[in-house]
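Open the model in your viewer and keep the sequence beside it. This tour tells you what to select next and what to look for there.

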Amino acid sequence: NSWQSVIDWALIHYKQQNSASKILQQYVNELKATSKDKFEYIEAAIKFVQNDVRYFGIETGQNSHIPSKPGEVFERRYGDCKDKTMLLNYLLTEHGIEAYPALISMQSRGTIADNLPSPGHFDHVISYFIVDGKEYWIDGTRTFQLGKLDNIGVSSFEQALVIRPKQ
């Protein structure tokens with residue numbers, strides 16, 4: 001009926017996992033200990049998800065629309081765009097950073113809002129997060145986006161549906 005109904009549908013599937021595997025929690029603790037500030041932590045988390053977790057999609061059954069748990073993705077070291085997004089968002093929220101999945105269409109780009117609302121319009125998921133009042137859009141499936149946070153990001157996807165509860 002509305003884009004909000006698509007968000008409500010997605011909130012059920014993209015619920016942030018509150019518990020992680022021991023090995024993932026150890027990684028979070030190491031990342032916190034070795035980062036001099038939150039920006040270094042964020043950059044290291046992005047680098048890890050983009051380069052050390054292989055992009056591999058199993059898009060059948062429930063895996064076509066429900067992401068795997070961050071701990072599973074971390075331990076097996078592969079996942080699709082949903083999985084990588086949820087792992088990155090988990091790492092960010094563990095450092096107190098507000099992070100959400102964002103649905104995008106690589107096909108429709110700037111015309112998605114012209115369609116009737118449906119989750120079927122979207123074919124990719126990226127991370128949207130806010131640091132010090134500034135918005136960032138990061139695609140966990142991209143590789144070798146090295147450098148400072150302000151110099152990396154997503155190419156022009158034009159429109160996105162951020163999956164977060166009503167505020």
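Strands here are DSSP runs of type E with at least two residues, and they are numbered from the N terminus. That numbering lets you find your first stop, K166, in the segment after strand 6. Keep in mind that this is a predicted model.

**Stop 1: K166**

Select K166. Is it buried or exposed? Exposed means over 50% relative accessible area. K166 has 67%, so it counts as exposed. Now add Q4 to the selection. Along the chain, K166 and Q4 are 162 residues apart, yet 8.8 Å separates their C-alpha atoms.

**Stop 2: strand 3 and its partners**

Move to strand 3, residues 98-104. Of its 7 residues, 6 are buried, so the strand is mostly covered. Next, show strand 4, residues 124-131. The two strands pair in the antiparallel sense, with 7 bridges. To see one facing pair, select A99 and F129; they stand opposite each other.

Then show strand 6, residues 161-162. How many bridges join it to strand 3? There are 2, and the two strands run antiparallel. Here A102 of strand 3 faces V162 of strand 6.

While you look at strands, keep one rule in mind. Side chains in a regular strand alternate between the two faces of the sheet.

**Stop 3: the hairpin**

Stay with strand 4 and add strand 5. These two are antiparallel as well, joined by 5 bridges. Select F129 again: its bridge partner in strand 5 is Y136. Now go to the turn. The hairpin has 2 residues between the strands, and D132 takes a positive phi near 50°.

**Stop 4: Y100 and its visitors**

Select Y100 and look at the face of its ring. R164 lies over that face, 5.5 Å from the ring centre. Now look at the backbone oxygen of Y100. Which side chain reaches it? The side chain of N89 does, at 3.4 Å. N89 has a relative accessible area of 1%, so it counts as buried. Its place is in helix 5, residues 81-93. That is where you go next.

**Stop 5: helix 5**

Select the whole helix. Helix 5 has 13 residues and spans 18 Å from its first C-alpha to its last, close to the 18 Å expected. How many of its residues are buried? The count is 12 of 13, so the rest of the structure largely encloses this helix. Among the buried ones are C81, K82, D83 and L92.

Try colouring the helix residue by residue. An α-helix has 3.6 residues a turn, so residues three or four places apart point the same way.

**Stop 6: the nonpolar core**

Two residues of helix 5, L87 and L91, are among those with the most contacts inside the largest nonpolar core. That core has 26 residues. Also select I42, I46, F48, F129 and L149, which belong to the same group of well-connected residues. Several elements give two or more residues to the core, including helix 2 (22-34), helix 4 and strand 5 (134-138). Which element gives the largest share? Helix 3 does, with 6 residues.

**Stop 7: aromatic rings**

Show the rings of Phe, Tyr and Trp. The structure holds 7 aromatic pairs. Start with F48 and F74. Their ring centres are 5.4 Å apart and their planes meet at 35°, so the pair is tilted. The pair links distant parts of the chain: F48 is in helix 3 (residues 38-52), F74 is in helix 4 (residues 70-76), and 26 residues separate them. F48, at 5% relative accessibility, is buried. F74 is buried too, at 2%.

A second pair to select is Y128 and W137. This one is also tilted, at 4.5 Å centre to centre and 45° between the planes. Y128 is buried, with a relative accessible area of 2%. W137 is partly exposed, at 25%.

Return to F48 and F74, and add Y27. The three form one aromatic cluster. Finally, select R77. Its charged end sits over the ring of F74, 4.4 Å from the centre.

**Last stop: a distance to check**

Keep F48 selected and add Y136 from the hairpin. How far apart are F48 and Y136 in space? The C-alpha to C-alpha distance is 17 Å, with their positions 88 residues apart in sequence.

Conventions
Residues are numbered from 1 along each chain as its sequence is written. This is a predicted model: local features need pLDDT of at least 70, side-chain atom pairs count only at pLDDT 80 or more; totals for chains, interfaces and linings use all residues. Side-chain values use heavy atoms; hydrogens and water are left out. Buried means under 20% relative accessible area, exposed over 50%, partly exposed in between (1.4 Å probe, protein chains only). Helices (H or I, at least four residues) and strands (E, at least two) are DSSP runs, numbered from the N terminus. Two strands pair if DSSP finds at least two bridges between them. A polar contact is a pair of N or O atoms within 3.5 Å; within protein, one must be able to donate a hydrogen and the other to accept it, and residues adjacent in sequence count only if both atoms are side-chain atoms. Rings of Phe, Tyr and Trp (its six-membered ring) pair if their centres lie within 6.5 Å; planes under 30 degrees apart count as stacked, over 60 as edge-to-face and the rest as tilted. A charge sits over a ring if NZ of Lys or CZ of Arg is within 6 Å of the ring centre and within 35 degrees of the ring normal. The expected span of a helix is 1.5 Å times one less than its number of residues. A nonpolar core is a set of buried Ala, Val, Leu, Ile, Met, Phe, Trp, Tyr and Cys residues joined through side-chain atoms within 4.5 Å.
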